[in-house]
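Student: I'm new to this one. Could you walk me through it, step by step?

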Amino acid sequence: MKKLVVLALAAAASLAHAQAPAYPGSKPVTFVVPFAAGGPTDRVARDLAEAMRKVMGGQANFVIENVNGAGGTIGAAKVAKSAPDGYTLLIHHIGMAAAPVLYRKLSYKSLEDFEYLGMINEVPMTLIGKPQLPANTYRDFENYIRANAGKLNIAHAGLGSASHLCGLLWQSRLNASDAMVTIPFGGTAPAMNALVGGQVDVMCDQTTNTTAQIEAGRVKAFAVTTARPMSNHKLLKDYPTLQEMGMKGFELTIWHGMYAPKGTPAAIQAQLNEALKKALKDPEFIKKQEGLGAIIVNDKRLDPANHKAFVASEIAKLKPVVEAAGKFAD
Ligand code: MLT
(Lines give C-alpha, C1' and ligand atoms only; values in the text may rest on other atoms or scores of the structure.)
Protein backbone atom coordinates (compact mmCIF):
# COMPACT_ATOMS: atom_id res chain seq x y z
CA MET A 1 0.00 0.00 0.00
CA LYS A 2 2.79 2.36 1.09
CA LYS A 3 4.59 1.80 -2.20
CA LEU A 4 1.40 2.71 -4.03
CA VAL A 5 1.11 6.01 -2.11
CA VAL A 6 4.73 6.87 -2.84
CA LEU A 7 4.27 6.14 -6.54
CA ALA A 8 1.10 8.25 -6.63
CA LEU A 9 2.83 11.18 -4.94
CA ALA A 10 5.80 10.95 -7.30
CA ALA A 11 3.46 10.91 -10.29
CA ALA A 12 1.56 13.96 -8.96
CA ALA A 13 4.79 15.86 -8.42
CA SER A 14 6.11 15.12 -11.89
CA LEU A 15 2.73 16.04 -13.39
CA ALA A 16 2.75 19.36 -11.52
CA HIS A 17 6.27 19.97 -12.73
CA ALA A 18 5.33 19.03 -16.24
CA GLN A 19 2.35 21.41 -16.09
CA ALA A 20 4.41 24.41 -14.82
CA PRO A 21 5.03 26.37 -18.04
CA ALA A 22 8.72 26.82 -18.85
CA TYR A 23 9.92 30.35 -18.06
CA PRO A 24 9.70 32.67 -19.85
CA GLY A 25 7.66 30.97 -22.57
CA SER A 26 6.07 33.30 -25.11
CA LYS A 27 5.21 36.05 -22.60
CA PRO A 28 7.53 39.08 -22.98
CA VAL A 29 9.94 39.89 -20.15
CA THR A 30 9.97 43.64 -19.45
CA PHE A 31 13.17 45.47 -18.60
CA VAL A 32 12.01 48.61 -16.80
CA VAL A 33 14.51 51.42 -17.45
CA PRO A 34 13.92 54.22 -14.91
CA PHE A 35 15.13 56.95 -17.29
CA ALA A 36 14.13 58.32 -20.70
CA ALA A 37 14.88 56.36 -23.86
CA GLY A 38 18.23 57.03 -25.52
CA GLY A 39 20.24 57.58 -22.33
CA PRO A 40 23.04 55.43 -20.92
CA THR A 41 20.78 53.28 -18.73
CA ASP A 42 18.49 52.67 -21.70
CA ARG A 43 21.54 51.82 -23.78
CA VAL A 44 22.76 49.16 -21.34
CA ALA A 45 19.25 47.66 -21.17
CA ARG A 46 18.83 47.45 -24.94
CA ASP A 47 22.27 45.98 -25.53
CA LEU A 48 21.66 43.47 -22.71
CA ALA A 49 18.18 42.55 -23.97
CA GLU A 50 19.68 41.61 -27.34
CA ALA A 51 22.38 39.47 -25.72
CA MET A 52 19.88 37.82 -23.32
CA ARG A 53 17.57 36.94 -26.24
CA LYS A 54 20.50 35.17 -27.89
CA VAL A 55 21.62 33.18 -24.85
CA MET A 56 18.07 32.15 -23.91
CA GLY A 57 17.75 30.47 -27.27
CA GLY A 58 15.84 33.25 -28.99
CA GLN A 59 12.49 32.18 -27.54
CA ALA A 60 12.76 34.79 -24.79
CA ASN A 61 11.32 38.13 -25.81
CA PHE A 62 12.69 41.10 -23.82
CA VAL A 63 10.96 44.45 -24.14
CA ILE A 64 12.08 47.82 -22.75
CA GLU A 65 9.74 50.06 -20.78
CA ASN A 66 11.06 53.55 -19.95
CA VAL A 67 9.52 54.79 -16.70
CA ASN A 68 11.37 58.01 -15.90
CA GLY A 69 11.14 60.72 -13.28
CA ALA A 70 12.45 61.61 -9.82
CA GLY A 71 16.00 60.44 -10.53
CA GLY A 72 14.96 56.87 -11.37
CA THR A 73 12.95 56.29 -8.18
CA ILE A 74 9.58 56.12 -10.00
CA GLY A 75 10.74 53.28 -12.24
CA ALA A 76 12.43 51.45 -9.37
CA ALA A 77 9.25 51.75 -7.25
CA LYS A 78 7.17 50.33 -10.09
CA VAL A 79 9.31 47.18 -10.21
CA ALA A 80 9.42 46.83 -6.41
CA LYS A 81 5.60 46.71 -6.46
CA SER A 82 5.29 44.43 -9.53
CA ALA A 83 4.28 40.77 -9.43
CA PRO A 84 7.34 38.63 -8.48
CA ASP A 85 6.88 36.36 -11.51
CA GLY A 86 10.04 37.08 -13.51
CA TYR A 87 8.24 39.15 -16.16
CA THR A 88 9.05 42.62 -14.76
CA LEU A 89 12.73 43.32 -14.12
CA LEU A 90 14.67 46.51 -13.33
CA ILE A 91 17.86 47.66 -15.05
CA HIS A 92 19.27 50.32 -12.75
CA HIS A 93 22.52 51.73 -11.45
CA ILE A 94 24.20 53.63 -8.61
CA GLY A 95 20.81 55.21 -7.99
CA MET A 96 19.97 52.02 -6.04
CA ALA A 97 22.48 53.36 -3.48
CA ALA A 98 22.10 57.13 -4.00
CA ALA A 99 18.30 57.36 -3.65
CA PRO A 100 18.10 55.83 -0.13
CA VAL A 101 20.66 58.45 0.98
CA LEU A 102 19.15 61.43 -0.84
CA TYR A 103 15.41 60.87 -0.34
CA ARG A 104 13.98 61.30 3.13
CA LYS A 105 10.83 59.47 2.01
CA LEU A 106 11.33 56.63 -0.51
CA SER A 107 8.51 54.19 -1.35
CA TYR A 108 10.84 51.21 -1.54
CA LYS A 109 13.93 49.84 0.18
CA SER A 110 16.82 49.15 -2.20
CA LEU A 111 18.18 46.21 -0.22
CA GLU A 112 14.95 44.63 1.04
CA ASP A 113 12.43 45.04 -1.80
CA PHE A 114 14.42 43.48 -4.65
CA GLU A 115 16.01 40.18 -5.59
CA TYR A 116 19.52 40.91 -6.89
CA LEU A 117 20.15 39.11 -10.19
CA GLY A 118 23.67 40.37 -10.83
CA MET A 119 25.90 43.29 -11.70
CA ILE A 120 26.41 44.18 -15.38
CA ASN A 121 29.11 46.78 -15.93
CA GLU A 122 30.88 49.90 -14.71
CA VAL A 123 30.83 53.11 -16.73
CA PRO A 124 33.11 56.12 -16.21
CA MET A 125 31.70 59.64 -16.39
CA THR A 126 32.83 62.73 -18.27
CA LEU A 127 32.49 66.38 -17.37
CA ILE A 128 31.17 68.12 -20.49
CA GLY A 129 29.98 71.57 -21.57
CA LYS A 130 27.92 73.18 -24.31
CA PRO A 131 29.88 73.90 -27.51
CA GLN A 132 29.66 77.69 -26.97
CA LEU A 133 31.42 77.50 -23.57
CA PRO A 134 34.53 79.79 -23.75
CA ALA A 135 36.90 77.14 -22.32
CA ASN A 136 38.95 74.35 -23.88
CA THR A 137 40.92 72.95 -20.97
CA TYR A 138 39.73 71.86 -17.53
CA ARG A 139 41.62 74.76 -15.91
CA ASP A 140 39.88 77.32 -18.20
CA PHE A 141 36.59 75.55 -17.50
CA GLU A 142 36.98 75.67 -13.73
CA ASN A 143 38.07 79.33 -13.79
CA TYR A 144 35.06 80.21 -15.97
CA ILE A 145 32.71 78.46 -13.52
CA ARG A 146 34.18 80.38 -10.59
CA ALA A 147 34.09 83.70 -12.46
CA ASN A 148 30.40 83.20 -13.28
CA ALA A 149 29.15 81.84 -9.94
CA GLY A 150 25.35 81.71 -9.87
CA LYS A 151 24.99 82.47 -13.60
CA LEU A 152 25.53 78.97 -15.06
CA ASN A 153 23.46 75.80 -14.89
CA ILE A 154 24.19 72.10 -14.75
CA ALA A 155 21.82 69.45 -16.15
CA HIS A 156 21.08 66.06 -14.61
CA ALA A 157 18.53 63.23 -14.71
CA GLY A 158 16.81 63.99 -11.42
CA LEU A 159 17.76 63.74 -7.74
CA GLY A 160 19.53 60.44 -7.14
CA SER A 161 20.56 59.96 -10.75
CA ALA A 162 24.19 59.32 -11.64
CA SER A 163 24.48 62.66 -13.38
CA HIS A 164 23.01 64.43 -10.34
CA LEU A 165 25.37 62.60 -7.98
CA CYS A 166 28.41 63.43 -10.12
CA GLY A 167 27.44 67.11 -10.33
CA LEU A 168 26.85 67.21 -6.58
CA LEU A 169 30.21 65.61 -5.72
CA TRP A 170 32.12 67.71 -8.26
CA GLN A 171 30.59 71.00 -7.10
CA SER A 172 31.16 70.18 -3.45
CA ARG A 173 34.85 69.58 -4.25
CA LEU A 174 34.89 72.81 -6.26
CA ASN A 175 34.11 74.54 -2.95
CA ALA A 176 31.54 76.50 -4.95
CA SER A 177 28.55 74.24 -4.33
CA ASP A 178 26.10 77.10 -5.09
CA ALA A 179 27.98 78.13 -8.22
CA MET A 180 25.45 76.52 -10.54
CA VAL A 181 21.68 76.19 -10.89
CA THR A 182 20.73 72.52 -11.33
CA ILE A 183 18.23 71.61 -14.07
CA PRO A 184 16.58 68.15 -13.90
CA PHE A 185 15.46 66.13 -16.95
CA GLY A 186 13.76 62.73 -17.35
CA GLY A 187 17.11 61.28 -18.35
CA THR A 188 20.44 62.36 -19.76
CA ALA A 189 19.24 61.83 -23.32
CA PRO A 190 16.93 64.89 -23.21
CA ALA A 191 19.54 66.68 -21.08
CA MET A 192 22.15 66.01 -23.78
CA ASN A 193 19.87 67.51 -26.44
CA ALA A 194 19.57 70.68 -24.33
CA LEU A 195 23.36 70.81 -23.85
CA VAL A 196 24.10 70.34 -27.56
CA GLY A 197 21.53 73.04 -28.28
CA GLY A 198 23.16 75.40 -25.80
CA GLN A 199 20.08 75.60 -23.53
CA VAL A 200 22.10 74.29 -20.56
CA ASP A 201 25.78 74.87 -19.79
CA VAL A 202 27.33 71.81 -18.12
CA MET A 203 26.65 68.14 -17.37
CA CYS A 204 28.45 65.14 -15.92
CA ASP A 205 27.32 62.00 -17.76
CA GLN A 206 28.36 58.47 -18.53
CA THR A 207 30.77 57.81 -21.39
CA THR A 208 28.17 55.52 -23.03
CA ASN A 209 26.16 58.69 -23.71
CA THR A 210 28.90 61.27 -24.17
CA THR A 211 31.60 59.57 -26.30
CA ALA A 212 29.77 59.99 -29.63
CA GLN A 213 28.86 63.61 -28.85
CA ILE A 214 32.44 64.49 -27.87
CA GLU A 215 33.83 62.77 -30.98
CA ALA A 216 31.37 64.70 -33.18
CA GLY A 217 32.33 68.00 -31.53
CA ARG A 218 28.73 68.60 -30.41
CA VAL A 219 29.87 69.08 -26.80
CA LYS A 220 33.18 69.99 -25.16
CA ALA A 221 34.81 67.52 -22.73
CA PHE A 222 37.00 68.66 -19.84
CA ALA A 223 37.74 65.70 -17.55
CA VAL A 224 36.92 62.07 -16.72
CA THR A 225 35.87 60.84 -13.27
CA THR A 226 38.01 57.69 -13.13
CA ALA A 227 40.86 57.37 -10.62
CA ARG A 228 43.34 56.74 -13.44
CA PRO A 229 43.44 58.19 -16.97
CA MET A 230 41.45 56.20 -19.56
CA SER A 231 44.69 55.55 -21.50
CA ASN A 232 43.18 52.55 -23.35
CA HIS A 233 40.35 54.55 -24.84
CA LYS A 234 41.15 56.15 -28.23
CA LEU A 235 39.21 59.33 -27.46
CA LEU A 236 38.95 59.65 -23.68
CA LYS A 237 42.69 59.06 -23.14
CA ASP A 238 43.17 62.75 -24.03
CA TYR A 239 41.25 64.05 -21.01
CA PRO A 240 42.63 64.44 -17.49
CA THR A 241 41.10 62.88 -14.41
CA LEU A 242 39.63 65.20 -11.77
CA GLN A 243 42.30 63.82 -9.44
CA GLU A 244 44.98 65.12 -11.80
CA MET A 245 43.16 68.46 -11.73
CA GLY A 246 43.57 68.68 -7.99
CA MET A 247 40.45 66.91 -6.64
CA LYS A 248 42.34 64.41 -4.47
CA GLY A 249 40.61 61.03 -4.22
CA PHE A 250 37.76 61.95 -6.61
CA GLU A 251 36.55 58.75 -8.27
CA LEU A 252 33.10 57.90 -9.64
CA THR A 253 32.14 55.08 -11.97
CA ILE A 254 28.51 54.16 -12.52
CA TRP A 255 27.71 50.48 -12.05
CA HIS A 256 24.57 48.86 -13.51
CA GLY A 257 22.70 45.81 -12.25
CA MET A 258 19.61 43.71 -12.90
CA TYR A 259 16.90 43.36 -10.22
CA ALA A 260 13.56 41.56 -9.74
CA PRO A 261 10.75 42.14 -7.23
CA LYS A 262 11.27 40.48 -3.85
CA GLY A 263 9.78 36.98 -3.81
CA THR A 264 10.57 36.10 -7.43
CA PRO A 265 10.93 32.26 -7.48
CA ALA A 266 14.50 31.10 -6.86
CA ALA A 267 14.47 28.93 -10.02
CA ILE A 268 13.64 31.97 -12.17
CA GLN A 269 16.28 34.05 -10.42
CA ALA A 270 18.87 31.33 -11.08
CA GLN A 271 17.81 31.06 -14.75
CA LEU A 272 18.12 34.82 -15.25
CA ASN A 273 21.45 34.96 -13.44
CA GLU A 274 22.82 32.16 -15.64
CA ALA A 275 21.57 33.93 -18.76
CA LEU A 276 23.11 37.21 -17.57
CA LYS A 277 26.47 35.49 -17.03
CA LYS A 278 26.43 34.20 -20.62
CA ALA A 279 25.13 37.49 -22.04
CA LEU A 280 28.06 39.43 -20.56
CA LYS A 281 30.39 37.09 -22.51
CA ASP A 282 28.59 37.74 -25.81
CA PRO A 283 31.23 39.25 -28.15
CA GLU A 284 28.70 41.67 -29.69
CA PHE A 285 27.62 42.95 -26.26
CA ILE A 286 31.24 43.37 -25.15
CA LYS A 287 32.22 45.19 -28.35
CA LYS A 288 29.28 47.64 -28.06
CA GLN A 289 29.76 48.41 -24.39
CA GLU A 290 33.58 48.58 -24.34
CA GLY A 291 33.54 50.76 -27.44
CA LEU A 292 31.69 53.34 -25.34
CA GLY A 293 34.10 53.15 -22.41
CA ALA A 294 32.12 50.67 -20.27
CA ILE A 295 33.84 47.85 -18.37
CA ILE A 296 31.99 44.51 -18.26
CA VAL A 297 32.22 42.92 -14.80
CA ASN A 298 33.63 39.42 -14.20
CA ASP A 299 31.58 36.55 -12.72
CA LYS A 300 32.76 37.36 -9.19
CA ARG A 301 31.49 40.94 -9.31
CA LEU A 302 28.38 39.78 -11.21
CA ASP A 303 27.47 37.33 -8.44
CA PRO A 304 24.10 38.43 -6.89
CA ALA A 305 25.22 38.12 -3.25
CA ASN A 306 28.45 40.02 -3.99
CA HIS A 307 26.50 42.69 -5.89
CA LYS A 308 24.03 43.13 -3.03
CA ALA A 309 26.87 43.46 -0.51
CA PHE A 310 28.53 45.98 -2.82
CA VAL A 311 25.32 48.08 -3.05
CA ALA A 312 25.08 48.05 0.76
CA SER A 313 28.69 49.29 0.95
CA GLU A 314 27.93 52.00 -1.63
CA ILE A 315 25.01 53.25 0.48
CA ALA A 316 27.34 53.43 3.50
CA LYS A 317 30.01 55.21 1.39
CA LEU A 318 27.63 57.79 -0.12
CA LYS A 319 25.83 58.67 3.11
CA PRO A 320 28.52 60.93 4.67
CA VAL A 321 29.43 62.40 1.28
CA VAL A 322 25.86 63.42 0.48
CA GLU A 323 25.32 64.67 4.03
CA ALA A 324 28.44 66.86 3.64
CA ALA A 325 26.96 68.28 0.43
CA GLY A 326 23.71 68.81 2.34
CA LYS A 327 21.33 68.33 -0.56
CA PHE A 328 18.33 66.16 0.23
CA ALA A 329 14.95 65.51 -1.37
CA ASP A 330 11.70 65.16 0.53
C1 MLT B 1 21.79 59.09 -14.86
O2 MLT B 1 22.21 60.24 -14.94
O3 MLT B 1 21.45 58.51 -13.84
C4 MLT B 1 21.61 58.36 -16.13
O5 MLT B 1 22.61 58.70 -17.01
C6 MLT B 1 20.28 58.77 -16.66
C7 MLT B 1 19.95 58.07 -17.94
O8 MLT B 1 20.32 56.89 -18.09
O9 MLT B 1 19.32 58.72 -18.75
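Tutor: Happily! Keep in mind that this is a predicted model. Let's begin with a proline: Pro24 lies in the loop that runs between α1 (2-19) and β1 (29-33).

Student: Which residue forms the cis peptide bond to Pro24?

Tutor: Look at the bond leading into Pro24, whose omega is near 0 degrees. That makes the bond cis, and the residue on its other side is Tyr23.

Student: Where is Ala70 found?

Tutor: Ala70 has a phi near 50 degrees, a positive value in a residue other than glycine. As for its place, Ala70 belongs to the loop between β2 (62-66) and α3 (73-80).

Student: Now the ligand, please! How many residues surround the ligand?

Tutor: The closest ones are Thr41, His93, Ala162, Ser163 and Thr188. By class, the shell has four nonpolar, eight polar and one charged residues. Altogether, the number of residues around the ligand is 13.

Student: Which residue has a side-chain N or O atom 2.6 Å from an oxygen atom of the ligand?

Tutor: A polar contact needs two N or O atoms within 3.5 Å. Gln206 offers a side-chain atom at 3.2 Å from a ligand oxygen, while Thr188 uses a backbone N or O atom at 2.8 Å. The side chain with the 2.6 Å distance belongs to Ser163.

Student: How much of the ligand's exposed area does the protein bury?

Tutor: Taken alone, the ligand exposes 270 Å². It sits in the largest cavity, and the share of that area buried by the protein is 100%.

Student: Which elements give two or more residues to the shell around the ligand?

Tutor: Domain 1 (28-122 + 254-325) and domain 2 (124-224) each supply at least three residues to this shell. The elements giving two or more are α2 (40-55), α6 (162-173) and β7 (202-206).

Conventions. Residues numbered from 1 in each chain as written. Predicted model: local features only at pLDDT ≥ 70, side-chain atom pairs only at ≥ 80, totals over all residues. Heavy atoms only, no water. Near = heavy atom within 4 Å. Polar contact = N/O pair within 3.5 Å; in protein donor to acceptor, adjacent residues only side chain to side chain. Areas by Shrake-Rupley, 256 points an atom, 1.4 Å probe, with all protein chains shown as cover. 1 Å grid on protein atoms, 1.4 Å probe; cavity = no way out; pocket = protein on both sides within 12 Å on 5 of 7 lines; lining within 4 Å. Sits in = over half its atoms within 2 Å of the grid points. Helix = DSSP H or I, 4+ residues; strand = E, 2+ residues; numbered from the N terminus. Nonpolar A, V, L, I, M, F, W, Y, C, P; charged D, E, K, R; others polar. Domains from an automatic or database assignment.
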